[in-house]
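Please open the model in a viewer with the sequence panel visible. The stops below are meant to be selected in turn.

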Amino acid sequence: MPSPAYHAPDTIEQAVALLAGDAGARPLSGGTDLIVQMRSGRTAPSSLVDLKRIAGMKGIRASPDGGFAIGAATPCTALKDDKALSAAWPGVVEAANLIGSVQVRNRATMAGNLCNASPAADSVPALVAAGATCLVAGPSGTREVPVEEIPAAPGRTSLQPGEFVAEIRLPAQKGSDAYLRSIPRTEMDIAVVGAGVSLVVDANGTCTAARVSIGAVAPTVLLVEDAGAALVGSKFDDAALDRMAEAVRAACKPIADKRGTVEYRTAMAGVLAKRVVKIALERAGVSA
Ligand SMILES: Cc1cc2nc3c(=O)[nH]c(=O)nc-3n(C[C@H](O)[C@H](O)[C@H](O)COP(=O)(O)OP(=O)(O)OC[C@H]3O[C@@H](n4cnc5c(N)ncnc54)[C@H](O)[C@@H]3O)c2cc1C
């Protein structure tokens, strides 16, 4: 493996300057994807810009609006240890803590999971369902981008030269969320299908808002707006759940590989979407 230059800047501005000044530079968060890819020869960055020393990049802050700001270099295990975050967004925290093993999760971050741009990334459907955004830092300052707009294709993001994700922002929780994936093994495998949901239910048990997201069944993680719309106004009766699952299946454009056929992935996406809705409802104290 060729040795790239290694930089550990103290500020966002220094990191942006390093990334903007070298087209072959790559941000480094946990390194659990990047180092593996470098060792296998899949990528050969000319320099690494380690984000971990930048103030605010590691840690979780409660926002004044009731949401959370998660520094980009915050390892997944730290999410689980934050009681307020775990209570508000259990689906997001669980999704991030399905990644790899404990050792991997002690390094791996949600920002790295997102910017690696794998269609099967576990934390991404949960973040998309949650309506999470990214604070992107770059040569022109900062901008806020919905999470679903960051992956552009497998292994490619919409980030511009010199940009990196500085923070992941979760809104105030008004309901409940959940994420599930299907894998052939019990752990340490990538999703064959993943589904995330975030629901708001009123006092009568009627759905007032819903976001449904699916992973590993298209080139990027998808927000399935029709699936969320199928639930809104319903009391989660079988007909509404069937319409939601049909919208999910219609959005799937999976590949076939040794992990699953197109037919299996498509059918399973609908099944998982129904299951996550039921888990989120239980969390909201509603029986379906
Ligand atoms: C044994 C093993 C098991 C795994 N199991 C799973 C699994 O079950 N589910 C799953 O989803 N993944 C899994 N992974 C993949 C990996 O652990 C995750 O994708 C992880 O979340 C990546 O985070 P990271 O901080 O280590 O990213 P890094 O390796 O640091 O970076 C990944 C990519 O994102 C870029 N990047 C990193 N941070 C930023 C940023 N802030 N802004 C812009 N670009 C950035 C890097 O340049 C690189 O291209 C596994 C990996 C291993 C080695």
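Is G141 buried, partly exposed or exposed? Select G141, which belongs to strand 7 (residues 141-146). At 35% relative accessibility, G141 counts as partly exposed; buried means under 20% relative accessible area, exposed over 50%, and partly exposed in between, with a 1.4 Å probe and protein chains only. Now add V262 to the selection: its C-alpha is 42 Å from that of G141, and the two are 121 residues apart in sequence.

Some conventions apply throughout. The model is predicted, so that local features need pLDDT of at least 70 and side-chain atom pairs count only at pLDDT 80 or more, while totals for chains, interfaces and linings use all residues. Residues are numbered from 1 along each chain as its sequence is written, and side-chain values use heavy atoms, with hydrogens and water left out.

**The whole chain**

Display the C-alpha trace, which spans about 55 × 45 × 35 Å along its principal axes. A compact globule of 288 residues would have a radius of gyration near 19 Å, and the chain agrees with this at 19 Å; the radius is taken over C-alpha atoms, and the globule rule is 2.2 Å times the number of residues to the power 0.38. Of the 288 residues, 52% count as buried.

Colour by secondary structure next: the chain has 11 helices and 14 strands. These are DSSP runs numbered from the N terminus, with helices (H or I) of at least four residues and strands (E) of at least two. Among contacts between residues at least 6 apart in sequence, 58% join residues at least 24 apart, a contact being heavy atoms within 4.5 Å.

With the surface switched on, about 12,800 Å² is exposed, and carbon and sulfur atoms supply 52% of it; the areas come from the Shrake-Rupley method with a 1.4 Å probe.

**Helix 8 and the loop before it**

Select residues 123-130. All 8 of the 8 residues of helix 8 are buried, so the helix is largely enclosed by the rest of the structure. Among them are P125, L127 and V128. Just after the helix, G131 takes a positive phi of about 75°.

Step back to A117, in the loop between helix 7 (110-115) and helix 8. This residue has a positive phi of about 60° although it is not a glycine. A117 is buried, with a relative accessible area of 2%.

**Strand 5 and its partners**

Select residues 68-71, which form strand 5. In a regular strand the side chains alternate between the two faces of the sheet. Here both faces are covered: F68 and I70 are buried on one side, and A69 and G71 are buried on the other.

Which strands pair with strand 5? Strand 4 (residues 60-62) pairs with strand 5 in the antiparallel sense over 3 bridges, and strand 10 (residues 164-170) is joined to strand 5, also antiparallel, by 4 bridges. Two strands are said to pair if DSSP finds at least two bridges between them. Select I60 to find its bridge partner I70, then A69 to find R169 opposite in strand 10. The hairpin of strand 4 and strand 5 has 5 residues between the strands, and within this hairpin G66 takes a positive phi near 95°.

**The sheet of strands 11 to 14**

Show strands 11 to 14 together. They form an open sheet of 4 strands in the order 11-12-13-14, with antiparallel pairing. Strand 11 (176-182) and strand 14 stand at the edges, each with a single partner strand, so one side of each is left without a neighbour in the sheet.

Inside this sheet, strand 12 (residues 193-201) and strand 13 pair over 8 bridges. Two pairs to label are S198 opposite R211, and V201 with its bridge partner C207. The two strands form a hairpin with 5 residues between them, and G205 in the turn has a positive phi of about 85°.

Strand 13 and strand 14 pair over 2 bridges, and S213 has L223 as its bridge partner. For the last stop, select A216, in the loop between strand 13 (207-215) and strand 14 (222-223). A216 has a positive phi of about 70° although it is not a glycine. Is A216 buried or exposed? A216 is buried, with a relative accessible area of 11%.
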